[in-house]
Amino acid sequence: MTSGPGRFISLEGGEGVGKTTQLAALGNALRNRGIDLLTTREPGGSPGAEAIRQLLLNGDDSRWSPRAEALLFAAARADHVEKTIRPALAAGRWVLADRFLDSSLAYQGGGAELGTEAVRALHAFGSEDFLPERTLVLMLREQEGIGRADARDGGASDRIGGRGPSFHLSVDRAFRQLAVTEPARVRLVDATGEREAVTTRLLDQLSDLL
Ligand code: T5A
């Protein structure tokens, strides 16, 4: 295993773009390079945050107001950072997360129209502005991602994934804007084509860190 500073990488994107698939594939590719890697996910990634995940993803869309929902995501993230991510990095491990702050910026800030400043303020309090070193956003035409998720789930979706096309279009726009605002950290990656080709594109975007 390599020793040295741990690195924190997040994988992002809209519904069904292949984050979970690529978390496993990219994780294997990094481990094959001798990297001691922890994979994790949001909402979740620690026992407390996994409990909050159940509150966030189950029930009617109206269960939480947009502000309450954003607070729950920020609370789950604070616990995930404190209990899982920071200890792994401190031990010199790399951490690869399926979603992190940028999902809140895109879904709650963009889709639910709270704005990115409000979401960043919650993150400043909850997680002391802790950010990934690199964020890779998988991009597909919206219907393609939802089509992949529907084929997998038979049309069933969670509280947030089940929102309408205009919500998901705003999420997509917000992810694109993040890559413009923070080009050094946030990279858009084409998620079309074969799984192996997508993994290669993701690795290319990490080449300066390897
Ligand atoms: N959320 C989350 C917020 O609103 N704010 C936040 O701050 C956070 C952290 C989480 C929900 O919470 C929201 C976003 C979400 O709505 P989730 O259950 O964690 O929900 O699920 P998602 O992250 O949305 O992920 P999905 O399960 O929808 O999809 P993935 O993980 O992107 O895609 P994956 O890998 O499961 O692939 C989907 C299907 O496509 C196939 C796979 O085999 C699978 O069947 N596939 C491909 N098919 C063809 N070609 C390829 N290259 C393929 N790659 C994968």
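Guide: A polar contact is a pair of N or O atoms within 3.5 Å. This is a predicted model, where local features need pLDDT of at least 70, side-chain atom pairs count only at pLDDT 80 or more, and totals for chains, interfaces and linings use all residues. Residues are numbered from 1 along each chain as its sequence is written, and side-chain values use heavy atoms, with hydrogens and water left out.

Visitor: How far is a polar side-chain atom of Lys19 from an oxygen atom of the ligand?
Guide: Start with Val17, which has a polar backbone atom 3.2 Å from a ligand oxygen. For Lys19, look at the side chain instead: the distance from its polar atom to a ligand oxygen is 2.6 Å.

Visitor: Which residues come nearest to the ligand?
Guide: Arg152 is a good place to look, as one of its polar side-chain atoms is 2.4 Å from a ligand oxygen. In total, 26 residues surround the ligand (each with a heavy atom within 4 Å of it). The nearest of these are Lys19, Thr20, Thr21, Ser104 and Arg152.

Visitor: Which helix gives the most to the shell around the ligand?
Guide: Helices here are DSSP runs of H or I with at least four residues, numbered from the N terminus. H1 (19-32), H2 (47-57), H3 (66-90), H4 (101-111) and H6 (142-153) each bring at least two residues to the shell. With 4 residues, the top contributor is H4.

Visitor: How many charged residues does the shell around the ligand have?
Guide: Asp, Glu, Lys and Arg count as charged. By class, the shell holds 6 nonpolar and 9 polar residues. The number of charged residues is 11.

Key:
Polar contact = N/O pair within 3.5 Å; in protein donor to acceptor, adjacent residues only side chain to side chain.
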